[in-house]
Amino acid sequence: MKDGQSEATLYYFTGTGNSLACARAIAVELGNTRVVPIASLRGEKTVGVPSPVVGFVFPVYFYTTPLIVREFLERLDLSKARYVFLVLTMGGTPGHTVSHARDSLEKAGGVLNAAFGIRMLGNYIAEYNVGDAKAVEEMRGRMARDVTRIVGHVRAERDHIDRSSLAGRMLGGLLFALLGGRFMATCRQRDRRFTVDESCISCGICVRVCPVANVRLADSRPEWLGRCEQCFACIHFCPVEAIQIRGKRTRGRRRYHHPDVTVDDIAAQRSASTSADM
Ligand SMILES: Cc1cc2nc3c(=O)[nH]c(=O)nc-3n(C[C@H](O)[C@H](O)[C@H](O)COP(=O)(O)O)c2cc1C
Ligand code: SF4
Ligand code: SF4
C-alpha cells in the first residue's frame with residue numbers, strides 16, 4: 001500500500017471456503033490486513049469502512065454478485081476508502097459480476113478501482129460433479145499465482161480490471177440474461193428443493209455452517225427456512241452426503257470444500273468475533 005502504513009480491510013463471503021482461503025492468503029501476503037465476514041454484519045444498517053484500502057472477496061453466483069454481497073455493498077459508507085477492489089472466486093464464468101458489483105458500490109457512493117478473478121473449483125453440484133484431487137492441487141497452484149499477482153496490484157494501488165475474452169464476455173452475458181435474473185428472484189426460496197436422505201446422522205453440521213441461520217433441526221432432521229443464499233455449505237459439509245437437491249442428480253456427486261477451510265471456520269462466519277488480524 002502506498003504509504004506503507006495503511007491498514008487494509010478484506011470483507012468476504014463464502015460457502016465452501018474458496019473465498020475465505022483466497023481472502024486469508026491475500027491478507028497474509030499484503031500484511032496489516034483485517035479479514036471480516038460479510039455474514040457477521042447482516043444486522044448493521046450502515047457499515048463504515050475503517051481503512052483506506054478495502055477489498056471484497058466472494059463467489060460468482062449465476063453470473064452475478066450473490067444477493068447477500070450485493071445488499072452489503074449497498075449499505076457501505078466508503079467515505080474513508082481510497083482504493084477499492086474486488087476478488088471474484090468462480091468456476092470460470094464471471095458474467096456480469098464486476099459490472100453489477102460496481103453498480104452496487106456506486107450506489108454506496110464509492111468507486112471501483114480494480115477487479116480480479118481467481119478460477120477455483122466450481123461447487124455447483126446441482127449441474128456438475130466437482131473436480132477431483134488432481135483438480136484441487138491444480139487449483140492451489142493457480143490460486144497462489146493469482147494471489148501474488150493481485151497483491152502486486154493492490155500494493156501499488158493500481159487501477160486494473162481482469163478482462164475475459166470477447167467470447168467469454170458474450171457467453172457470460174447470455175447466460176446471465178437466460179438464468180441470472182430468475183436465480184436472483186428465487187434465490188432465497190430455492191431451499192425448497194433441498195431434501196434429506198435417511199442416512200442423516202443428526203450431527204447438526206448443516207445448521208452450524210449455514211452463514212445466515214437458515215437451517216434448523218426438527219425431529220433430528222434439517223429443515224430449511226426460506227432465506228437461503230444458495231451457498232451450498234450445508235450440502236457440501238454434510239459428513240454423510242445426505243442432503244440432495246430435488247430434480248438434480250446430486251446423489252453420488254463429489255462433495256467439496258477448500259482443503260484449508262474447516263467446519264469451524266465456516267461456522268465462525270456468522271459471528272463478528274471471527275474477524276481476524278492477519
Ligand atoms: C449457486 C451457485 C451459482 C454459481 N454460479 C457460478 C457462475 O455463474 N459462474 C462461475 O464461474 N461459477 C459459479 N459457481 C461456482 C462458484 O462461484 C465457485 O465454486 C466459488 O469459488 C465458490 O466459492 P466459495 O467456496 O467461497 O463458496 C456457482 C456456485 C453456486 C453455489
Ligand atoms: S449435516 Fe448431514 S448428517 Fe448432519 S444433521 Fe445435517 S443432514 Fe444430517
Ligand atoms: S441453507 Fe444451505 S445453501 Fe442455503 S444459505 Fe444456508 S448453508 Fe447456504
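## Helix α4 and its cover

Contact here means heavy atoms within 4.5 Å of each other. The model is predicted, and the account below starts with helix α4.

Helix α4 takes in residues 133-155, 23 residues in total. From its first C-alpha to its last the helix reaches 33 Å, close to the 33 Å expected at 1.5 Å a residue. Buried positions in α4 begin with Ala135, Val136 and Met139. They continue through Arg142, Met143, Asp146, Val147, Ile150 and Val151, and end with His153 and Val154. The elements covering these buried residues include helix α1 (18-30). Strands β4 (53-59), β6 (83-90), β7 (114-119) and β8 (160-161) are also among the elements that cover them. After α4 comes Glu157, which has a positive phi, near 50°.

## The β10-β11 hairpin

Strands β10 (residues 215-218) and β11 (residues 221-224) are paired in the antiparallel sense, with 4 bridges between them. One of the residues involved is Leu217, whose bridge partner in β11 is Pro222. The two strands, β10 and β11, make a hairpin in which 2 residues lie between them. In the turn, Asp219 has a positive phi of about 50°.

## A nonpolar surface patch

Leu174, Leu178 and Leu179 make up a nonpolar patch on the surface. Together these leucines have about 290 Å² of accessible area. Leu179 belongs to helix α5, which covers residues 166-186. Because its relative accessibility is 37%, Leu179 counts as partly exposed; that class lies between the cut-offs of under 20% for buried and over 50% for exposed.

Note on methods:
Residues numbered from 1 in each chain as written. Chains lettered and ligands numbered in written order. Predicted model: local features only at pLDDT ≥ 70, side-chain atom pairs only at ≥ 80, totals over all residues. Heavy atoms only, no water. Expected span 1.5 Å × (residues − 1). Buried < 20%, exposed > 50% of the residue type's maximum accessible area, 1.4 Å probe, protein only. Pairing = 2+ DSSP bridges. Patch = residues over 30% accessible without salt bridge, like charges linked within 9 Å, V, L, I, M, F, W, Y side chains within 5 Å. Areas by Shrake-Rupley, 256 points an atom, 1.4 Å probe, with all protein chains shown as cover. Salt bridge = Lys/Arg side-chain N within 4 Å of Asp/Glu carboxyl O.
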